[in-house]
Amino acid sequence: MWQRIIDDLTAYNARLVAVSKTRPIEAIEALYEQGQRLFGENRVQEMTDKQPLLPQDVQWHQIGHLQTNKVKYIAPFVSMIHSVDSAKVLKEINKQAARNERSIKVLLQFKIAQEDSKYGFDMETVRQMLDSEAFAQMQHVKVCGLMGMATFTDEQEQVRAEFRQLRQYFETLKKEYFLEKEDFVELSMGMSGDYKIALEEGSTMVRVGSLLFQ
Ligand SMILES: *Cc1c(COP(=O)(O)O)cnc(C)c1O
């Protein structure tokens, strides 16, 4: 299945984040052997447990909601955080990155789904943050793009519309804030059930779990 998904992505120049949450080390190693290097976890504890057991060139992506008090555990090694959903957590990521003398790549998570359980920014709140003096002072985070999760539904046109909305947010913010920033290029969208639609709507990174481990 890994190769089939990789083939789907190649035509779009997109990357696969293999979502390894709840999967045992052996299953992750098997994907590593095939050539996979980006792995996504949604719980800090699970990521910090697994990280020392796998080769050092694995790139760990935090994809699930991140509590401020947990940032310090992943700050030394995390490769990218997809789930920045508040100014508060971004400030803490910046602080912990500074402590580790590094810069951490992040994505701003937007709420695009109909469901109210999903975390994420709206445009007004994100603009407030990006306009703030506090944000201007953050030297240890690199905002690389946006992330979003579509509604869990069989209505393909609804899913497509939500991804398209996220793409529009991306283009708008790029123009308003990140025109000169060559790191601002990523759109993390698409999961097992909807990654093909996400690719058609401009995804650069899909986060696939269940389909990959079938
Ligand atoms: C679990 C998870 C995924 C992967 O979902 P699948 O449907 O198993 O592909 C993607 N993104 C996030 C944020 C997740 O928590």
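The legends below describe close-up views of the ligand site and two pockets in a predicted model.

**Figure 1. Residues around the ligand in the predicted model.** The shell around the ligand is made up of Val 19, Lys 21, Asn 42, Ile 63, Met 149, Met 191, Ser 192, Arg 207, Val 208, Gly 209 and Ser 210. Sorted by class, this shell holds five nonpolar, four polar and two charged residues.

**Figure 2. Polar side-chain atoms of Ser 192, Ser 210 and Arg 207 at the ligand.** In Ser 192, a polar side-chain atom is 2.5 Å from an oxygen atom of the ligand. For Arg 207, an N or O atom of the side chain lies 3.0 Å from a nitrogen atom of the ligand. Ser 210 has a polar side-chain atom 2.8 Å from an oxygen atom of the ligand. The ligand taken alone exposes 380 Å², and 85% of that is buried by the protein.

**Figure 3. The largest pocket, whose space is taken by the ligand.** The pocket contains about 700 Å³ of space. Its lining comprises 31 residues, and those closest to the pocket centre are Lys 21, Met 149, Phe 152, Met 191 and Arg 207. Two elements, α8 (156–177) and β8 (205–208), each give two or more residues to this lining. By class, the lining of the largest pocket consists of eleven nonpolar, 13 polar and seven charged residues. Lys 21, Met 149, Met 191 and Arg 207 are also among the residues around the ligand.

**Figure 4. The second largest pocket and its lining.** This pocket has a volume of about 220 Å³. The residues that line the second largest pocket are Leu 130, Phe 135, Ala 136, Met 138, Val 141, Lys 142, Val 143, Tyr 177, Phe 178, Lys 181 and Asp 183. Its lining takes two or more residues from each of α7 (133–136) and β6 (141–148).

**Figure 5. Contribution of β6 and residue classes in the second largest pocket.** With three residues, β6 gives the most to the lining of the second largest pocket. Lining residues within the span of β6 (141–148) include Val 141, Lys 142 and Val 143. By class, the lining of the second largest pocket has eight nonpolar and three charged residues, and no polar ones. The charged residues are Lys 142, Lys 181 and Asp 183.

Note on methods: Residues numbered from 1 in each chain as written. Predicted model: local features only at pLDDT ≥ 70, side-chain atom pairs only at ≥ 80, totals over all residues. Heavy atoms only, no water. Near = heavy atom within 4 Å. Polar contact = N/O pair within 3.5 Å; in protein donor to acceptor, adjacent residues only side chain to side chain. Areas by Shrake-Rupley, 256 points an atom, 1.4 Å probe, with all protein chains shown as cover. 1 Å grid on protein atoms, 1.4 Å probe; cavity = no way out; pocket = protein on both sides within 12 Å on 5 of 7 lines; lining within 4 Å. Sits in = over half its atoms within 2 Å of the grid points. Points joined across faces, edges and corners; volume = space filled by probe spheres on them. Helix = DSSP H or I, 4+ residues; strand = E, 2+ residues; numbered from the N terminus.
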